[in-house]
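Hi,

Here is the structure I said I'd pass on. Have a look, and my notes follow underneath.

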Amino acid sequence: MIVLVFMLLNLSLIPVNEKRLEDCLISFREIPYPRGIYKDSILDSYLHTRFQNYLESCPEFSRPTSMKDLILVKVLEGHCFLFGPSRNEEEAYRCYLDALSLSKEEESIVLEVECLRALIQYGLFTKNNLTEINRYIDYHGQLAYDKLEILQNQYFLLRCQAEINYGSTGDIPFSFSVWESLLSECHDSSYFRLEVETRSVYAQILDYCGFSNMAMEEYWKALTTAAEHSDEYYQDVKFTSLGNMGHSLMQQRKYREALNLFMQLLDRSFPQKRLSNQAKIYGWMSDCYKKMGLIDSAYYYLDLSYQKKEENNETAKTIAVREIQSKYDNERLGRALVEESLRRKQNNLTAFTIGGVLLVVSMFIWFHYYRQRKRNQKIQQDLDIANKEIQLTAVNARLDGQELEKKNLASFLHDHIVGQLVAANMHLKIASHNQQNESLEKTAQLVHDAGILIRNMSHDLYPPVLLKMGLGPALQDLCEKYTNNHLTIDINPQAAQIRLKGDAIAKVYYAVQELLNNVTKHSQASKCEIDLSTSTDQLTVTIRDNGVGMGQPEEHSAGLGLNTVRARVESLGGSFLIHDHDPGLSQTISIPLQVFHPEKPPTY
């Protein structure tokens, strides 16, 4: 996190009230701010950095005492991330967005416009998020509260459209009359900063479109306008304009004229600029000398360019310096060894031929590797699918075996053991009645209790209501069993008419039972609703509760119980979905009806 510098001076403090803050933001949009009017305040630092595009360092503020101060701090933090020593465009964008959000809550149009200016200038400076920035420009136009903001919005719109067109088509369509009209209004209204900025961008567009002479005139007009108002601002504009003009002359192959302008930049005592800008100027000078055939001078200024880059970034590389040194050495060697030129050409041809062969071989090897990699990926995907199918088949086989075993055991207990225990109990009761034997009565009671336990066990293993009545009545019975003083479970009345039977429907029943177990144990819900319905081709069971939900999405697939439910459903060709809602959880099972082979399934 970039730390801001804020120095406390022992000078008289002019308090900044809420109204004065907004008045100052309006007043110093065009007039240079004489720093020190509001000493030791956030507003003082903000106004000082308002029109700078480079910050040598960023100050640390005292804690904001109001929401408006906090908004200015957020914008300043964005400036520091964008224009400071440790550049971070993503953090700058986040700070500007935070400031805009706070300004909307504060319901201050002036601060909101200020934040929009920062966002738009960020987009035009970085060329990032231009489509979104275009929407902010439209919003800025809606909030423009005076003529300056209206003209500023026109400038933003023209420049953003130029950037978007250039980024998408490589062309910059523009109208002379539109730009000239905007410049005329800025000049007539004495908005000198906006005029200078607009004229500088207009000059760049003219230069790009081939109107070099007109571009030069506009650069000089921008310099003249800046000189009439603020010397510090004039020096900043002069540094940028001379650099752009020199680069334009260089593109026109007017290398000596370009060098004269670059020399002016180096000779004059301009304020400290980014070392990267100085490195860029040295680089342009090196290019000029290189085009002129002055290799020694080209190397000298390229070396200076890299020195500046190293001062700005300790990890800067010197590859290009070595390249120009190599070219210089080759040129000197060529002048000394002219007689060997033919041999060198032959060697170059041989090297080119070998390089071509190596390139073809490399491409063949790469193509073979690419195909083999794709083949291996396809094999791995097939293996993953096969493994998943094997695992699903194993789980389904285990579940089918468990359910068949439960069904057979329940049938055996109910049809044989329970029947015999009931008969034995009847005989014991008859014997007890005839003989009045207390021991026989106790034995009869024990047999009776054992019969009840075995009957309950058989019902738990495979509910008879599911076997006899089908799914709907079985789920109604299940809801009654799970309802207690803390949890009420209801099912839609139409469920009673859905009487699907068979081994497949048992998987649906046990899946619902497992989900109700989870609701009872983990949801902390007081109410649960089950909706059972069929359509022309699908059976759907939805379980909704008003509990605490599942939390993180990764928890939806966790746990043996849920994995068992998912396996049961997928074995029938169905799907199992979980959705958190506020409050509670919604779980839906969907099964194709063709799995159950009903004769005429009802539709609700």
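One term before anything else: a crossover counts as right-handed if, with the strands pointing away from the viewer, the path from the first strand over the helix to the second runs clockwise. You'll want that for β1, helix α20 and β2, since together they make a left-handed β-α-β unit. Bear in mind as you read on that this is a predicted model.

Staying with that unit, strand β1 covers residues 488-491 and β2 covers residues 527-534; the two run parallel and are joined by 4 bridges. If you want a handle on the register, T488 stands opposite K527 in β2. β1 also has two distinct sides: I489 and I491 are on the covered face, while T488 and D490 are on the uncovered one. The helix in the middle, α20, has 20 residues and reaches 29 Å from its first C-alpha to its last, close to the 28 Å expected at 1.5 Å a residue. Just after α20 comes Q524, with a positive phi of about 60°.

Now the overall picture. The protein chain has 21 helices and 5 strands. Of its 604 residues, 41% are buried. Taking contacts between residues at least 6 apart in sequence, 63% join residues at least 24 apart.

On confidence, the chain averages a pLDDT of 76, and 69% of the residues score at least 70. The lowest confidence is in helix α15 (residues 319-336), with a mean of 40, and the highest is in β3, at 93. Please be wary of both ends. Residues 1-15 stay under 50 in pLDDT, and the model gives them 38 contacts beyond four places in sequence. Residues 599-604 are also below 50, with 11 contacts in the model beyond near neighbours in sequence.

Next, the other strands. Which strands does β5 pair with? One partner is β3 (residues 538-545), which runs antiparallel to β5 and is joined to it by 8 bridges. Within that pairing, R544 has S586 in β5 as its bridge partner. The other one I looked at is β4 (residues 575-580), antiparallel to β5 over 6 bridges, with D580 opposite L585. β4 and β5 form a hairpin with 4 residues between them, and G584 in the turn has a positive phi of about 100°. Strand β5 itself (residues 585-592) is mostly covered, with 7 of its 8 residues buried.

S590 is a good place to zoom in on β5. Why does it count as buried? Its relative accessible area is 13%, and the cut-off for buried is under 20%. Leaving out residues up to four places away in sequence, S590 touches Q538, L539, T540, V569, G574 and S575. G574 is 16 residues from S590 in sequence, yet their C-alphas are 5.4 Å apart in space.

Over to the nonpolar cores. The largest has 57 residues, and L25, L72, Y96 and Y136 have the most contacts inside it. Helix α5 (residues 109-126) gives the most to this core, with 10 residues. Apart from it lies another core, of 43 residues, which includes A474, A506, A511 and V512.

A few more spots to click on:

- Q152 is in helix α7 (residues 147-169). It counts as buried, at 4% relative accessibility, and it touches R117, H140 and L194, not counting residues up to four places away in sequence.
- K127 sits in the loop between α5 and α6 (130-143). Its phi is positive, about 65°, although it is not a glycine, and it is partly exposed, with a relative accessible area of 41%.
- N129 lies in the loop between α5 and α6. It is not a glycine, but has a positive phi of about 55°; at 35% relative accessibility it counts as partly exposed.
- Helix α11 (residues 231-251) has 21 residues and reaches 30 Å from its first C-alpha to its last, close to the 30 Å expected at 1.5 Å a residue. After α11 comes R253, with a positive phi near 65°.

Over to you!

Terms used. Residues numbered from 1 in each chain as written. Predicted model: local features only at pLDDT ≥ 70, side-chain atom pairs only at ≥ 80, totals over all residues. Heavy atoms only, no water. Buried < 20%, exposed > 50% of the residue type's maximum accessible area, 1.4 Å probe, protein only. Pairing = 2+ DSSP bridges. Expected span 1.5 Å × (residues − 1). Core = buried A, V, L, I, M, F, W, Y, C linked by side-chain atoms within 4.5 Å. pLDDT = per-residue confidence, 0-100. Contact = heavy atoms within 4.5 Å.
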